[in-house]
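Hi everyone, thanks for making the time. I'd like to walk you through one structure today, so let me put it on the screen.

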Amino acid sequence: MPTQLSGTAKLSLERRTTYTGEGTWYEVGLGACGYNDTDSDAIVAISAEIYGSGGYCNQWVQITNTDNGQTASGQVRDECESCDSGSLDMSPSLFEQLSTLDTGIIPISWSFT
């Protein structure tokens, strides 16, 4: 029977997982984690599936635009209800480190750091 992981063991395993999906941007404000952030902050909203009950709030993720190889880091401060499991919604300033806002949607890979 498989062993259920929790706490540190689960987080350690999650850090080794690389997710893939789409990266989009949104105007941030009061996020699901309870913090009021601004568009100039490096903010990430993760899918509702991964967000769960908020255990990843304040965790940092490293994101790569798989089209151009640009990487950036952002902090999980919100939940993205409309995101597929491997997709992220980012603050404008974070998205601009990976592409232009005009692009709108980029292919990404990312992992917890």
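I'll talk about the nonpolar cores, and then about the strands that pair with β6.

One thing up front: this is a predicted model.

Let's start on the inside. The largest nonpolar core holds 21 residues. Within that core, Ile46, Ile63, Trp110 and Phe112 have the most contacts. Who supplies it? At least two residues come from each of these elements: the strands β2 (43–47), β3 (60–65), β4 (71–80), β5 (88–90) and β6 (106–112), plus the helices α2 (48–51) and α3 (92–95). The biggest giver is β6, with four residues.

If you'd like one residue to click on, try Ile46. Leaving aside residues up to four places away in sequence, Ile46 touches Tyr51, Tyr56, Val76, Asp78, Glu79, Cys80, Leu88 and Trp110.

There is also a second core, separate from that one, with six residues. Among them are Tyr26, Val28, Ala45 and Cys83. As a general background point, nonpolar side chains in soluble globular proteins tend to be buried together.

Now back to β6. How many of its seven residues are buried? Six are, so β6 is largely enclosed by the rest of the structure.

And which strands pair with β6? One is β1, residues 19–25, which runs antiparallel to β6 over five bridges. On that side, look for Gly23 opposite Ile106. Another is β3, also antiparallel to β6 and also over five bridges. There, Gln62 stands opposite Ser111.

That's my tour, and I'm happy to rotate the view for anyone who wants another look.

Key: Residues are numbered from 1 along each chain as its sequence is written. This is a predicted model: local features need pLDDT of at least 70, side-chain atom pairs count only at pLDDT 80 or more; totals for chains, interfaces and linings use all residues. Side-chain values use heavy atoms; hydrogens and water are left out. A nonpolar core is a set of buried Ala, Val, Leu, Ile, Met, Phe, Trp, Tyr and Cys residues joined through side-chain atoms within 4.5 Å. Buried means under 20% relative accessible area, exposed over 50%, partly exposed in between (1.4 Å probe, protein chains only). Contact means heavy atoms within 4.5 Å. Two strands pair if DSSP finds at least two bridges between them.
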